[in-house]
Amino acid sequence: MDLVEVTEGRTRFFVPRQDPGLQFPPGNAPVFYNPRMELNRDTTVLLVTLLRPRDYLDAMGASGVRGLRVAGEAGIPVTINDRSERAADLIRHNVETSGLEIEVTCQDANVLMSGRRFDAVDLDPFGTPAPFTDSAARSAGNYLFVTATDTAPLCGAHLPAGMRRYFSRPRNTEYHAEVGLRTLLGFVVREVIRYDRGVEPLFCYAHEHFHRLHLRLRSGAAAADRTLARIGYVMQCPGCLYRTEEAGILPEPADCPLCGARLVAVGPLWTGRINDDQTLAAMQEALPSVTAGTAPRISRLLSTCRQELDTSSHYDHHVLAGSLRVSPAGIESVIERLRSLGYSASRAHYSGTALKTDAPLPLLQEVISGG
Ligand code: SAM
């Protein structure tokens with residue numbers, strides 16, 4: 001393999017030389033490495049530095065960069081696994097040159113996770129994590145981290161694939177990034193709670209072409225029941241922009257109070273908070289003391305997540321303005337106006353035109369129209 005040395009954070013490692021003419025996704029390299037996932041890795045290294053799990057499994061290592069960084073930068077005992085022999089060889093080479101003590105295994109991740117427990121398990125597969133979540137849910141002691149890059153099925157753009165993988169009906173709405181993140185979270189949660197364990201989201205976000213979950217697991221049926229209570233639906237009107245949220249496993253059929261059309265269920269998905277504010281605050285505080293190439297972007301992401309409302313959908317400011325045939329004013333002025341009227345309002349972390357509020361839709365429309 002023709003290798004080049006790369007540095008991420010404080011970690012130096014080797015990856016296959018890639019044809020610079022190739023566009024994303026990194027297509028034909030013998031072992032996968034995507035520099036565009038640096039933010040994804042930076043945030044996890046930052047978080048595990050704070051959480052300090054007893055040990056950490058990088059279940060799909062590829063070059064091993066993620067596990068190498070967790071071991072070298074956070075000082076956590078790490079196992080790096082990949083099913084591919086070529087990947088495992090490269091991981092061993094990277095571990096040797098790093099001088100770190102890291103266990104390297106070359107197994108199907110499901111086989112490895114079925115036989116062993118790790119305090120933190122990290123899934124970073126090609127596309128969907130769905131085939132790995134059951135064994136990860138059984139293997140993970142206190143923490144489960146999951147990446148999904150199959151955003152089209154998750155967001156409802158490829159409905160049959162979304163239903164097959166996540167046993168949910170995501171639907172393609174203007175708030176599809178939110179639906180994708182919550183569909184993934186709802187699915188992972190359902191995989192965990194059947195083992196009488198609960199889930200607390202610590203830091204979950206949608207970014208560019210991926211969704212990322214960092215979850216704390218809790219023991220006991222009571223914790224699982226509290227988690228189950230957060231599974232629900234967004235009930236979306238197919239005729240107008242009205243939507244509401246409903247908890248529970250079977251949504252009640254209802255009509256839109258604004259236009260009378262029968263509401264359509266989006267889900268099941270996770271409702272409620274997707275972040276733990278104390279964790280985000282601690283990450284903000286620790287960020288200046290870690291080496292992260294994407295630190296300015298992480299800082300913006302954390303700030304936006306901290307002010308973001310917990311609603312499971314957002315309104316798109318431009319879609320709303322377009323439907324009212326007005327040119328959109330600044331989104332900040334809309335948010336300020338809603339707050340001055342006594343409602344909660346915020347931006348969302350994954351889109352500059354996303355607006356979250358608990359104000360009723362007719363009032364929001366009035367504000368956007370200049371009222
Ligand atoms: N975590 C890596 C990083 O941050 O650069 C990227 C991982 S890459 C997206 C997915 C990896 O999963 C590939 O190296 C592939 O060989 C490996 N893989 C695919 N199926 C697997 C399985 N069933 N068990 C273990 N590894 C698997």
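Leaving aside neighbours within four places in sequence, which residues is Cys259 in contact with? They are Cys237, Gly239 and Cys240. This is a predicted model. Two sites annotated in UniProt, both from an unreviewed entry, anchor this briefing: one is at Cys237, Cys240, Cys256 and Cys259, and the other covers Arg41, Arg66, Asp82, Asp108 and Ala109. The largest pocket, of about 770 Å³, is also described.

**The cysteine site**

- UniProt places a "binding site" feature (unreviewed entry) at Cys237, Cys240, Cys256 and Cys259. These residues span 23 residues in sequence, yet no two of their C-alpha atoms are more than 8.6 Å apart, so they gather at one spot.
- Cys240 sits in the loop between strand S11 (231–236) and strand S12 (243–247). Cys259 lies in the loop between S12 and strand S13 (264–270).
- Cys240 has 24% relative accessibility and counts as partly exposed, because the buried class stops under 20% and the exposed class begins over 50%. Cys259 is also partly exposed, at 41%.
- Not counting residues up to four places away in sequence, Cys240 touches Cys256, Leu258 and Cys259. On the same terms, Cys259 is in contact with Cys237 and Gly239 as well as Cys240.

**The largest pocket**

- The volume of the largest pocket is about 770 Å³. Its lining is made up of 33 residues, and those closest to its centre are Phe32, Met60, Asp124, Pro125 and Phe126.
- By class, the lining holds 18 nonpolar, eight polar and seven charged residues.
- A second UniProt "binding site" annotation (unreviewed entry) covers Arg41, Arg66, Asp82, Asp108 and Ala109. The pocket lining includes Arg41, Arg66, Asp82, Asp108 and Ala109.

**Asp108 and Ala109**

- Asp108 is in the loop between strand S5 (103–105) and helix H4 (109–115). Ala109 belongs to helix H4.
- Is Ala109 buried or exposed? Ala109 is buried, because its relative accessible area of 5% falls under the 20% limit. Asp108 counts as partly exposed, at 27%.
- The side chain of Asp108 reaches the backbone nitrogen of Asn110 at 2.8 Å.
- Neighbours within four places in sequence aside, Asp108 is in contact with Asn81 and Arg83. With such neighbours again left out, Ala109 touches Ala59, Met60, Asn81 and Phe132. Asn81 thus appears among the contacts of Asp108 and of Ala109. Met60, touched by Ala109, is also one of the residues closest to the pocket centre.

**Two further arginines**

- Arg69 is in helix H2 (residues 65–74). Arg69 is buried, with a relative accessible area of 0%.
- Which residues does Arg69 contact, leaving aside its neighbours within four places in sequence? They are Glu8, Gly9, Thr11, Glu38, Arg41, Asp42, Val45, Ala74 and Thr291. Arg41, one of these contacts, is also in the pocket lining.
- Arg164 is found in helix H7 (residues 159–166). At 61% relative accessibility, Arg164 counts as exposed.
- Arg164 and Pro153 are eleven residues apart along the chain, and their C-alpha atoms are separated by 9.1 Å.

Conventions
Residues are numbered from 1 along each chain as its sequence is written. This is a predicted model: local features need pLDDT of at least 70, side-chain atom pairs count only at pLDDT 80 or more; totals for chains, interfaces and linings use all residues. Side-chain values use heavy atoms; hydrogens and water are left out. UniProt positions are given in the numbering used here, feature names are shortened, and annotations may be inferred rather than shown by experiment. Helices (H or I, at least four residues) and strands (E, at least two) are DSSP runs, numbered from the N terminus. Buried means under 20% relative accessible area, exposed over 50%, partly exposed in between (1.4 Å probe, protein chains only). Contact means heavy atoms within 4.5 Å. On a 1 Å grid over the protein atoms alone, a cavity is a set of points where a 1.4 Å probe fits but cannot get out, and a pocket is an open set with protein on both sides within 12 Å along at least five of seven lines; lining residues have an atom within 4 Å of a point. Grid points are joined across faces, edges and corners, and a volume is the space filled by probe spheres set on the points. Ala, Val, Leu, Ile, Met, Phe, Trp, Tyr, Cys and Pro count as nonpolar, Asp, Glu, Lys and Arg as charged, and the others, Gly among them, as polar. A polar contact is a pair of N or O atoms within 3.5 Å; within protein, one must be able to donate a hydrogen and the other to accept it, and residues adjacent in sequence count only if both atoms are side-chain atoms.
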